[in-house]
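Please consider the following chain with attention to how its interior is arranged. The explanation below proceeds from individual buried charges to the wider fold.

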Amino acid sequence: MKKLRIYVDMDGVIADFEKAKKAGKPPSSSSQYNRPDLWVDYLHLDVIPGAEEAMSYLNEHHEVFIASTPPWTRIQVWADKRAWLEQWFPDLKRKLILTHRKDLLIGDVLIDDSRFRGQPDFQGEWFWFNQNWENKNWKACLEFIKKLENEKV
């Protein structure tokens with residue numbers, strides 16, 4: 001089996017951004033109310049169910065990097081993402097790539113829940129993740145990766 005180079009997004013894929021958004025208290029400012037990326041506490045996000053086991057498998061069998069897009073106007077979030085990663089996935093703390101252009105990444109697979117940062121133009125396979133859809137959650141994602149493993153032999 002050939003090792004795949006896999007990029008995994010953080011928020012919405014391994015870090016439960018939606019749960020924090022629902023539980024958080026948005027500011028009264030109407031300009032920030034609809035932008036949870038401007039007020040969610042990134043340092044204390046929960047891990048998405050199934051992510052720890054999936055990442056363990058991926059990290060054992062493939063070359064894995066975290067590719068995340070921090071809010072441009074909240075510099076502290078850049079550090080919070082790194083600290084969160086060290087807490088939950090310490091083996092990946094030096095494999096964090098912060099980018100607003102995921103189409104520039106070179107690899108085999110991109111696992112991401114968004115399509116607004118170049119994901120559709122990624123040159124490898126893009127797995128459009130959604131923890132609430134049975135065909136797009138971690139179980140389905142690992143099945144997708146295992147099919148690719150067999151094709152890449």
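In this predicted model, Asp11 has a relative accessibility of 12%, and it therefore counts as buried, the limit being under 20%. Its carboxylate does not stand alone, for Asp11 forms a salt bridge with Lys81, and the closest N and O atoms are 2.5 Å apart. The two partners come from distant parts of the chain: Asp11 belongs to the loop between strand 1 and helix 1, whereas Lys81 is in helix 4, and 70 residues separate them in sequence. Lys81 is likewise buried, because its relative accessible area is 1% and the cut-off for burial is 20%. Side chains of opposite charge can pair when their charged atoms come close.

A second group of buried charges is built around Lys102. The residue forms a salt bridge with Asp9, where the closest N and O atoms lie 3.0 Å apart. This pair, too, links distant parts of the chain, since Lys102 is in the loop between strand 3 (96-98) and strand 4, Asp9 is in the loop between strand 1 and helix 1, and their positions lie 93 residues apart. Both Lys102 and Asp9 are buried. Lys102 also meets the side chain of Asp112 in a salt bridge, with an N to O distance of 2.6 Å. Asp112 lies in strand 4 and Lys102 in the loop between strand 3 and strand 4, so this bridge ties together parts that are ten residues apart in sequence. With a relative accessible area of 1%, Asp112 is buried, and Lys102 is buried with a relative accessible area of 1%. Asp9, Lys102 and Asp112 are thus linked in a network of salt bridges. The structure as a whole holds ten salt bridges.

Which residues lie closest to the centre of the largest pocket? The pocket encloses about 790 Å³ of space. Of the 32 residues that line it, those closest to its centre are Asp9, Asp11, Phe17, Asp113 and Ser114. Asp9 and Asp11 have already appeared as salt-bridge partners, of Lys102 and of Lys81 respectively. By class, the lining is made up of eleven nonpolar, ten polar and eleven charged residues. Helix 1 (residues 17-23) gives the most to this lining, with three residues.

The fold around these features comprises five helices and five strands. In sequence order, the chain follows the pattern β-α-α-α-β-α-β-β-β-α. Of its 153 residues, 42% count as buried. Among contacts between residues at least 6 apart in sequence, 64% join residues at least 24 apart.

The nonpolar interior may be considered next. The largest nonpolar core has 36 residues, of which Val8, Ile14, Met55, Leu58, Ile111 and Trp138 touch the most other members. Two or more residues of this core are given by each of strand 1 (5-8), helix 3 (51-61), strand 2 (63-68), helix 4 (75-88), strand 4 (109-112) and helix 5 (138-151). Helix 5 supplies the largest share, six residues. Apart from this core lies another, of six residues, including Tyr7, Ala67, Leu105 and Phe122.

The surroundings of Leu58 illustrate how separate segments meet. When residues up to four places away in sequence are not counted, Leu58 touches Ile6, Val8, Val64, Ile111, Trp138, Leu142 and Ile145. Val8, Ile111 and Trp138 are, like Leu58, among the core members that touch the most others.

Leu148 offers a further view of helix 5, the element in which it is placed. At 6% relative accessibility, this leucine counts as buried, because the limit is 20%. Leaving out residues up to four places away in sequence, Leu148 touches Leu4, Val109 and Glu125. Its C-alpha atom is 9.6 Å from that of Lys2, although the two residues are 146 apart in sequence.

Arg35 differs from these residues in its exposure. Situated in the loop between helix 2 (30-33) and helix 3, Arg35 is partly exposed, because its relative accessible area of 41% falls between the limits of 20% and 50%. The C-alpha atoms of Arg35 and Lys21 are separated by 9.7 Å, and their positions lie 14 residues apart along the chain.

Notes: Residues numbered from 1 in each chain as written. Predicted model: local features only at pLDDT ≥ 70, side-chain atom pairs only at ≥ 80, totals over all residues. Heavy atoms only, no water. 1 Å grid on protein atoms, 1.4 Å probe; cavity = no way out; pocket = protein on both sides within 12 Å on 5 of 7 lines; lining within 4 Å. Points joined across faces, edges and corners; volume = space filled by probe spheres on them. Helix = DSSP H or I, 4+ residues; strand = E, 2+ residues; numbered from the N terminus. Nonpolar A, V, L, I, M, F, W, Y, C, P; charged D, E, K, R; others polar. Core = buried A, V, L, I, M, F, W, Y, C linked by side-chain atoms within 4.5 Å. Buried < 20%, exposed > 50% of the residue type's maximum accessible area, 1.4 Å probe, protein only. Contact = heavy atoms within 4.5 Å. Salt bridge = Lys/Arg side-chain N within 4 Å of Asp/Glu carboxyl O.
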